[in-house]
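Please look over the sequence and the structure below. The report that follows takes up an enclosed space, then one helix, then two loop residues.

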Amino acid sequence: MSIEQSSGPGSVGGDAVGLLGRSADLEFFAELRRRPANGGAGTAVLLEGPAGVGKTALLEAAAVAARASGFQVLRFAGVESEVTLAYSGLHQLLFGMRDGFDRLPPGQRALLEGVLGSSAAQAQPERFAASVAVIEALRRTAEDGPVLVVIDDVQWLDRASGDVLEFVARRLPGLPVDLLVAGRTGHAHALDRHGLLRRRVEPLERRSAAALLRAAHPGLAPDACERLLQEAAGNPLALLELPALLTREQFAGAAPLPLSLPVDDRLEALFAPRLRELPAATLELLLVAALEGTGGLRTIWAAYPGGMEEADAALPAAEEAGLVRVDARAGRLVFRHPLVRSAVVRTCRPGRRRAAHRALAEALERDPERRIGHLVAASLGPEEHLAADLEQAGHAALGRGSAALAVTALRRAAELSPEPTERSRRLAHAAYAAAQSGSLDVTAILVDDGYWERASLQDTARATLARVYALLETDGDATAAHRLLTGVIDKLLAAGTGGAETGGAGQQPSPAAVREVVGELQFLLTLVAFYAQRADLWPEVLERCQDAPDQVRLYCLTFDAPQERAPEVRQRIRRAFAALPPDAGPRPVTQLSMLSVYFDEASEYREHWMRAARRAREGGTFVQWSYGTILLGHEAFFAGRFTEAEALAREGLATAEELGHRLAGFRLASQLALVAAVRGDAETVGTLTRTILAWSEPRRLGLLQVSARQARALLALGQGDYETAYRDCTLVSPPGTLPPLNPRAIWSVYDLVEASVYTGRTAEARAHVTMARSACLGELSPRLALLTHAAAALAGPVETAEAGFRRALAVADVHAPFDRARVQLAFGRWLRAHGRDPEAAREHLTAALHTLEELGAAPWAAAAGRELAALTPPAEPGPLDAEGLLTPQELQIADLAATGLSNKEIGARLYISPRTVSTHLYNIFPKLGIRSRAALRDALGAQARAEHGGGYVEYVDGPVI
């Protein structure tokens, strides 16, 4: 299972001489091994120190001890010559886990096999896909026991592998996997950005250094020993290697020692004499192996001149010199120390290195990513034929969904392009590919390069798409995004009809190509308008989308007037889903699903977009995965699976923050706020919504503002603060309307009606019910039918209310336990308040209480409990302690009301609105167990008792207080 490496400093000829002076480090590792057994939570540790200080030896000791404790050990190392080869480090890690790939989902298995070059799918994955797949592979591996991943020379990991490992390191607390990393002090690497537990490896103290020197080199003269101790300054590698540079006379003390070497900066020079003594054929073999990086014998033999037979003849000299060894079981050539590999590369001239890279590129014909890297390394400068090959590989990778490989290939193709126009065109395509992958930092670099402005108008449009994606996600600037999109759409439409110049390259785009790019621009334009929800932008959107593709037209219909177009759009969405091919990619499925959720049909298409989200996750398309995560979160929330909705939102938010997608992050944060609102977590709701509004209000992003207001309204409804709930609901949707560009307002219909009724705004409540009926919202789904009927019952006259509630609760196939429980609570409250059928009231309230408690909706459960208590009057009504039952403001309002003052007069004295007074009195009456204002004087003058029964409020078309 492990990727073996040789012993590092602290061993001689492969035999351990002991880790002298490292007892504290070894005890630290012992404690680390005990942690997974205690809690199953992984830990990431970074060993830091200068070259040769003994980090490799400590890693070896940790690996041996962990394996003895039942750990599975995976080992690999960064390779200096491969820092530009994407996923070269990850290739080593996966090699050690390849036997367990059969446990993975097919998509992730194919992805990882592609990295290894062992499947037909040779594209290397985008960072997000690779990260998710590696985490899943580690999780499956850990099913056989805890895992220790050991990484040496992390400073030489390629960036792609480093980014994946940083992603993994952030999620170790949920895995029985430990990460032990070693890196040189002063060298930046990807894991520097993660808060690893750091442990500095110090040079050996003098006594341990002397013991190591004597053990490794018995017979060394005392004077020479003293001089080397000073020269090495406690560096174990120097203590082991410096004596090998001495002549026999120097070693015995008969001749003076050579001048000292600065250990930190020039330690690699220790290997140079040994390398110079090797035959040319052996040094050539070592160069190929050093540049190959993974140690794979098949690739090395294939790239070496003369093949395996000649390589076998050249290898023994390197083995005898102690520079390499062959791991026959793993089929790998292992360097004794990474410094040997570096010394080999630095010793050889540039021309020989380029020749070796060319040979490796030919040997790696079936591994496109690594082959591309070697081809580029072998190039002296711009070469059009190589640039064309790389561009072709990049477009093929993008077609397979490997956006990261596409970006790498297209960027390198641009760098190797002799002609400026070709370079700009390839950069434009690279920028577009980067945007599709969600790599906003790369996108920003490419679109700011400036060269793409020389490209054709069609390619400029693709670069504009990339710029807008980055602009929205990082800055949230909808105004600038709208301006960029409308400008380029106008130019492209004119160019498509022959009415405009095509741009810098002077090439007239084909009509089909224009339609494709314009369709993508139009889709993004509608999304920008949806995010902004600004009426001033919408006419320009409709004007430019008259001849847009069907899905774009569906978006326009949905956002333009959802209350009028709902039935039509719902049917068209169904037909569009039915017309999707079985192998449809995540993008069209996600786009349709984004519409269906706003008509409360998420559950109907759940299998479609669950499959799309899974494919997006495995394929590494963050943008589509984030949309899918939001959809899954909405569906889980409406279905009452609040824990699942919270987990989805937290995972998506963490990933969005890592990748810099602020807009997606705030959308996911709003989902967290909804879950917190249901649970009555006012602190979390307040923190999240303040943050969302602080970012979205200056940018006029209406979608985020609506999301925050809905969470605040839901929290207020649960707390019985109906005045606050009414204010937030009307900011989402004024009574009697569903605003254009705001289909989310459908979700707040019942909330607004409830808040209106309980604040005495019966006319507003009935206006909203009328709107819901005219828009046929009840026909969209069983859940909306339940809530529409319940809203009509709550807002309607007394004589029709009971039948309306029963009609609502009779709706079949309602898979929304929270909403059903809310309606049961409202019905039971109505029955109790009107003295109707107490047994039916008890039945509905009991059912609501059980459901709400099970869901963790604490405020609503508490309300149901109070209503149930109010159904059973106390055996002997006793005195009440008003000060213990009421808040200070409630007590003040109750005192004033007891004197006969009206709500308006009380409000004037306390500087609050009469409706706020009414809301407080609505809460006060049940607490005091009274039915009318006339009973306030007696209740407030009574003595305290610990428990009370409650009362009810009289209704005439709404509460009368």
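The lining of the largest cavity is mixed: eight nonpolar, three polar and five charged residues. The model is a predicted one. The volume of this largest cavity is about 230 Å³. Of its 16 lining residues, Phe637, Phe638, Leu714, Trp747 and Asp751 are the closest to the centre. Four elements each give two or more residues to the lining: α31 (622–638), α35 (702–719), α39 (782–795) and α41. In total, the model has 16 cavities of 30 Å³ or more.

Helix α41 (817–833) also helps to cover the buried residues of α42. Helix α42 itself runs over residues 838–855, 18 residues in total. From first C-alpha to last, α42 reaches 25 Å, close to the 26 Å expected at 1.5 Å a residue.

Which residues of α42 are buried? They are Ala840, Ala841, His844, Leu845, Ala848, Leu849, Leu852 and Leu855. Seen down the axis of α42, these buried residues fall within an arc of 165°, so they line one face of the helix. The spacing fits a general rule: an α-helix has 3.6 residues a turn, so residues three or four places apart point the same way.

The other side of α42 carries exposed residues: Glu839, Glu843, Glu853 and Glu854. The cover over the buried residues of α42 includes, besides α41, helices α32 (642–659), α40 (798–809) and α43 (858–871). Just after α42 comes Gly856, with a positive phi of about 80°.

Two residues other than glycine also have a positive phi. One is Asp153, with phi near 50°. The other is Gln533, with phi of about 55°. Where do they sit? Asp153 is in the loop between β5 (147–152) and α6 (159–169). Gln533 is in the loop between α25 (511–532) and α26 (538–544).

Are these loop residues buried or exposed? The cut-off for buried is under 20% relative accessible area. Asp153 has 7% relative accessibility, so it counts as buried. Gln533 has 18% relative accessibility, so Gln533 counts as buried too.

The table sets out the two residues.

| Residue | Phi | Relative accessibility |
|---|---|---|
| Asp153 | Asp153: near 50° | Asp153: 7% |
| Gln533 | Gln533: about 55° | Gln533: 18% |

How values were computed:
Residues are numbered from 1 along each chain as its sequence is written. This is a predicted model: local features need pLDDT of at least 70, side-chain atom pairs count only at pLDDT 80 or more; totals for chains, interfaces and linings use all residues. Side-chain values use heavy atoms; hydrogens and water are left out. The expected span of a helix is 1.5 Å times one less than its number of residues. Buried means under 20% relative accessible area, exposed over 50%, partly exposed in between (1.4 Å probe, protein chains only). The arc is that of the directions from the helix axis to the C-beta atoms. Contact means heavy atoms within 4.5 Å. On a 1 Å grid over the protein atoms alone, a cavity is a set of points where a 1.4 Å probe fits but cannot get out, and a pocket is an open set with protein on both sides within 12 Å along at least five of seven lines; lining residues have an atom within 4 Å of a point. Grid points are joined across faces, edges and corners, and a volume is the space filled by probe spheres set on the points. Ala, Val, Leu, Ile, Met, Phe, Trp, Tyr, Cys and Pro count as nonpolar, Asp, Glu, Lys and Arg as charged, and the others, Gly among them, as polar.
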